Amino acid sequence: MSQSSTCGEGSSVDNAADTDHSTLKHLIEHAAHVLPSQGAITAFVHHNTLHAFEDLPFDVAVRLGAEVFGCRPYLPEERFREEVTRGRIRPQDLEAVLIEDLSEEADELIGSLGTRFHLRMAMLEHPLQTGSLHELRWAVEETDALRKFREETPLVLRSEIIAATKQWVMRELTNGRQGHGTSDQSHPGSDPVTRVFELFGQSNVEKWDDAIWEAFTLHLLWWICRDGVEGVEPENPERHLPVRPRDLLLDVTGEDADRPVHELLIRFCAAFLDQGFADWPLPNREAGLYHAFIEVDRHAGGPPDRWMRGLGKELQRLHLQQVSALESIQESLDLFGVDEDSREEFITQTLLALRGFAGMIWQMETRGDRVEHPAPQGSLIDFLAIRLILDRFSAAYFARRVGFRGPLCELSSTLGQRLHRSSHAEVETRAYLVFQLAQVRGWEPHQLHELSQSVWRKLIREIESFSSLQRRRVYQLAYERKYNVSLLDAVAVHSQRTREPDDTPAFQVVCCIDDREESYRRHLEEIAQDCETFGFAGFFAVAMYYRGAADAYYLPLCPVVIKPSHYVCEEVAYSFEGTHRRRTEVRRALGTASHHLHQGSRTFWGGILTGVLGAVASIPLVARVLAPRTTSEMVKLFGGFVRTPPITQLTLERVEPDPGPDEGHLGYSINEMAGIVERVLRDIGLTSNFARLVIFTGHGSSSLNNPHESAYNCGACAGGRGGPNARAFAQMANDPRIRRMLADRGLPIPETTVFVGTYHNTCDDSVMYFDLDRLPTSHRHDFDRAKTCIDQARQRNAHERCRRFESAKLSLTPPQALKHVEGRSVDLSQARPEYNHATNAVTIVGRRWRFRGLFLDRRAFLASYDPVQDDANSTILERILQPAVPVCAGISLEYYFSCVDPEGWGCGSKLPHNVTSLLGVMSGAASDLRPGLSQQMIEIHEPIRQVFLIESTPDAMLRIMEDNEDIRKLCVNNWVYLATLDPHSSQIHVFRSGRFEPYVPQTHELPFVGSSQDWYRGWRENLGFASIKNGSSGVVTTGRFAQQGGA
Amino acid sequence: MSLDHFMTLLGILVILPPAILLATLGLSTLVNRPLGETWTSRLSQVCVSTGLAAAVVMLVMMLTLNTRFVPIELGNLVTIPQQHFHFHLKFVFDRLSVPFVILSYVLGGTVGAFTTRYLHRERGYNRFSLCYAFFMLGMIVTSLAGTIEVLFLGWELVGLSSALLVAYFHERPSPVINGLRVWTVYRLADAAFLIAAVAMHHLTGEGDFSVLMGSGPWPAGKAALTGGQAIFVGALLLIAAAGKSAMIPFSGWLPRAMEGPTPSSAIFYGALSVHLGAFLLLRVSPILEQSVLLSVLVVLMGLTTALYAAITARVQSDIKSSLAYASLTQVGIIVAEIGFGLRYIALIHIIGHACLRTLQLLRAPTLLRDYQTMENAIGGRLHSHPSSWQQRLSPTTRVWWYRFAFERGYFDSFLNEYIVAPFQAIFEWCDGMERRWTDFLAGGQSRESDVVEAQPHVVEQMEM
């Protein structure tokens, strides 16, 4: 083994070693920023997959991201073409975005062949086949490609081309070409016409029928294209050799040197990160990854794999010489002969090779507060050190197998020479593009034949510069344009149809801004036209660590960017204390028993016992699978005997001055609570016109057999369930002392108003009410009314959701639909308990009445905001947008990337997922950790960037963007679209290349329907917009004739 | 209709449904008109419930009539009179096969119902169903086999469908690599099985178990082999069983097989197919009685496998590998029980273990939630206690054992380096010689495949 010979001069005892190491450390930490930033799956937080690239414009970033990660930047071209075929992308969308994209360059002429715009449109409208050289040769030789015109070529064009060709060659023929044929034999490439005639034989040319002429024309066209292309040398960009020897080895030998390395490293990292699954934890884990690895593997007598031969000795040396992880990395870099310039790329690519685990190690190291067993500082460096040691052994082994015996540092250059990759743009491949385009654009053979060399060059450059990547960029724009235009048109029309309600509503409901609550709110508004709904981030400004009465520990319930300082726990009412204690004991006994069963069944003796008695397991097995809903009801029924007693309270009020987890320090001070209540009510604009009943609704989701369960919960509660937040808020707002303080601050809440906290389970559409025992008797009637409406809304919401589930019949009635979704949430075999944020497309911030009754198809995040109540500086809007823009954009972009490449950016199919170390999933037996969303979660999503539509003025938004870098870069770099709706009219402004432009609606039509159900009934796909008559008491039913506002 | 006829009809009703399922799914796929999800799932429900009902009626009939042995003769599939060979289609219902058939139907049916929803909208739904049908037929045929040839037929069907389902996600490399690995081990086991079958024919002139094992109904039969013959045949069958049940030294494939969709892992490697080796030993258990040495071998193989798997299971940090080794532990114990002659206990153990493990594997993805529930009930973090023997080891020994368990007993490495690598070297040498020869004949480079790039450049739409 040539491990000891380095290429640099013996560098380990360099004086500059220290500074070297700090730069190295810096490089590694820098590289760590591109690693996936998803933490433990138990607290799933949606975020932009390419968060690290947000400083760049979207199109640049996805291209760069695609290069660095080896994933797709946009949907594949076939997918876009399907969308063109089914009308989701219309020709006018393509034209519009292309014109905008090209601006004044659109009319540039390419010889006599039309303008750049026409050429590009042709390339977008018609599928261009391309493939490897062998594929194309096959197409040319074995298919009808040279005998029949493409199907897209119109018949007229087809016969015109053939006729023109016929005339041309007959003319040529009579001009005495016969002689040429023989004289040019020695240069068969000189004249395509001659060549094709040789093929077809010109003796009885007069008797040719149409089919032969068609074939002849196409052959001629093909040869002319070939000759034309041949004259233009391909623009071969300097091919950048991969920096990792593994990539070169793969290219040259087809063998993957990472495979054995990963097989070991995956298991080792999983053992290191394990949060308590394995019964036998990794020895010396606390000493760090690097030392633990050395400790386990340095002894003799390890596995006899040939590639690992000598590893023990090397580790023993590192151990004896006390070589640190950084020093070892330095050694490995020297041994690989990595020079200063490629060092960063080398480290980045090396880390990215097992990016899931590397990212998780980095997360556990930097956000250790989120897990039970964090990773010690420097774990990522440890990881890299081990990885490089293993890489060295593996690369050397695979290199030896192809006969390389030199030192490792010469491996790359040796392999680079062997890499005989021919310029991959061969003549045929390039000519075939022109050939296909000629047919759809109607270029005649003689026309092409007469092109000068310079025009050919221009044509080919033109075609090649509009590569697949560029085409997909344009498709993407067109894809988004159609949605955006119809959205803005719908809003422009609908906002003229609504007016501000003036009566006091019967009850008010405040939900999370979540897109899944859009339909719930809409149905509620349709059922009770006299109710009013609001949207606020689902933690309701109550950032806390929360522990339920039956919970083991505190969990954070607030956005992931906030580290809460307050602790709240749920306690059972004093009168139930005894029952509670007993039940807790029973639960503990049951829990301990099931833990023993769980673990015992995997051991030797315990396994025998459970195995022999295991036939009992067939009862829950069969019942759970065949009748999930009934089984779960039975379980619930029996569970009732050990559940916490129904009456509990939150320890919300703090006695001691400082918040903390100890007795007396739990909860908030009165002043803090007043601040929370004021903040929320002012943000949503609920400062007057209070109803007698105000219902705050947190949300979450429960499903079985779903490692990603947390991702379905409330994003504003860091993947937790927001019920306790709503409950805490209601309790605060009901407190008379707090109300007095609020009245002093100019926010009087009438005494007749009562707040109630509820929890909406978005999976089974159940709603749970908190603290009803404290509901004043005077409000029973109001509550009954609200509850009836809510129950109906649950059914209708379930019904609307069911149209998306292929396994739910479209003929279900709302009560059946509710049963259906209840079944889904308790079904072990259900891979799609709900569709989560799939299809999300827009965030609307503004007064609800302006959008009320607009059918948004569960695709909109809805935040309430009243621009009229805001100050001149838009302070309230700013504090709403500060979390809302990054969070909603994060969700939208995570869906975008996971949808565009489910295997690359997403976590692939859910079906083979394997929970590892209690913090992530692998695909199958052993794979990298898979961050991102699964195939089943995104299958109905349309990967488009989100539109933020904000009821405010352009000036206010410009000011906010200027002061908030996070918002600015997302908007300016086109990661999201931004538009404003004027607070006093229907005028919309869209933000484009750094400034706001007034939007001119393309239509004044918007369908009018009686109810949501009338609109969605019978449809499975995404639906367009419509005004719903029953949706709002304020809708002016005369529709487009309404003359209102200053539009 | 006489009672005999009724029993025969009943027997056919047990065997036929999976065959019909396979024929329908297979033929419709063959003519490129695959059934949709709904029809596929309905058909498999009907087939499985018919088969199960028939099997249960059969059980009741046998209990009431107090018969312990019902043979079903379906004639000869192949007859070669010159060689005195006939492939005799014979199925038997006895105390071993009836419980096993019912178990197969119950678990197979449950997993089938599970799959209907779990694989909904999956592109490979039809492919999965087809493999499932192969598997069901294989399981039923194996369980009821009355001759060693029929057993082999079912055994092969199970092996084929298992390997194909491991490689179900064929877009990614590792399922395919692992599927191939499973297939290779299975082939080895099959080869041993086949040699054993031929040897049995040679020694007794029959493949029929009733001739082979004497006329008594299972498990009372007495093998018609001498001690020496029994060791030879028994050892081969033991290798076959070891391969199929992932016993030492073939254990490496079992965790690797967890590549397919969760339900297929559950039924194959948790429940049914991993027990087939044990079933085979049960079926031929009269042979074991002929030789103490053989029984000792079986016990040793079972116990070492169980101990090895129990240690290895402790260090696994992902749920599926952990369950795979947990299964293996019990399979080892079951095999040891068979070696000790505790056949009924082994049978009960198989049934109980299969049910439990299927449930555990099917709900493996819900692990995080289960842990949270248990933690909440207990009121704190869950702690695993190191076992007592573990604490008694010195730190160095403990690390050694950890590494042994972590590297899965080095068995795969040993097989790779000392069995696979030499084989490969021989074949590569042969290939080199052949190339020289053809180059010589062709007077130049004779292989077009040599110039094809190892890693064809994918024309993904990445270029600028």
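Me: Helices are DSSP runs of H or I with at least four residues, strands are runs of E with at least two, and both are numbered from the N terminus. How many of each are in chain A?

Reply: Chain A comes to 39 helices and 19 strands, whereas chain B has 19 helices and two strands. Residues are numbered from 1 along each chain as its sequence is written, and chains are lettered from A and ligands numbered from 1 in the order of writing. The model is predicted: local features need pLDDT of at least 70 and side-chain atom pairs pLDDT 80 or more, while totals for chains, interfaces and linings use all residues.

Me: What radius of gyration does chain A have against a compact globule?

Reply: The radius is taken over C-alpha atoms, and the globule rule is 2.2 Å times the number of residues to the power 0.38. For the 1047 residues of chain A the rule gives a value near 31 Å, and the chain has 34 Å, which agrees. Its C-alpha trace spans about 115 × 85 × 65 Å along the principal axes. For the 464 residues of chain B the rule gives a value near 23 Å, and chain B agrees at 24 Å. The box for the C-alpha atoms of chain B is roughly 80 × 75 × 55 Å.

Me: What share of each chain is buried?

Reply: A residue is buried if 20 or more other C-beta atoms, placed from the backbone, lie within 10 Å of its own, exposed if 12 or fewer do, and partly exposed in between. Buried residues make up 50% of chain A and 51% of chain B.

Me: How many residues does each chain give to the contact?

Reply: Two residues are in contact if their C-beta atoms, placed from the backbone, lie within 7 Å. Chain A gives 95 residues and chain B gives 90. On the side of chain A, helix H25 (residues 577–600) supplies the largest share, eight residues.

Me: Which elements cover the buried residues of H16(B)?

Reply: They include H25 and strand S12 (913–916) of chain A, together with helix H14 (319–339) of chain B. The buried residues of H16(B) are B:Leu367, B:Leu368, B:Tyr371 and B:Ala377. To judge a helix's length, take 1.5 Å times one less than its number of residues as the expected span. H16 of chain B (residues 367–378) has 12 residues and reaches 16 Å from first C-alpha to last, close to the expected 16 Å. Just after H16(B) comes B:Gly379, with a positive phi of about 85 degrees.

Me: Which residue other than glycine has a positive phi near 55 degrees?

Reply: Most residues other than glycine have a negative phi, and most peptide bonds are trans. A:Ala718 has a phi near 55 degrees; A:Ala718 sits in the loop between strand S7 (693–700) and helix H30 (723–734) of chain A. A:Ala718 has 24 other C-beta atoms within 10 Å, so it is buried. A:Arg858, also not a glycine, has a positive phi of about 55 degrees. The loop that holds A:Arg858 runs between helix H34 (848–851) and strand S11 (860–864) of chain A. A:Arg858 counts as buried because it has 26 C-beta neighbours inside 10 Å.

Me: Which residues does a cis peptide bond join?

Reply: The bond joins B:Ile248 and B:Pro249, with omega about 0 degrees. B:Pro249 is in the loop between helix H8 (227–244) and helix H9 (253–256) of chain B.
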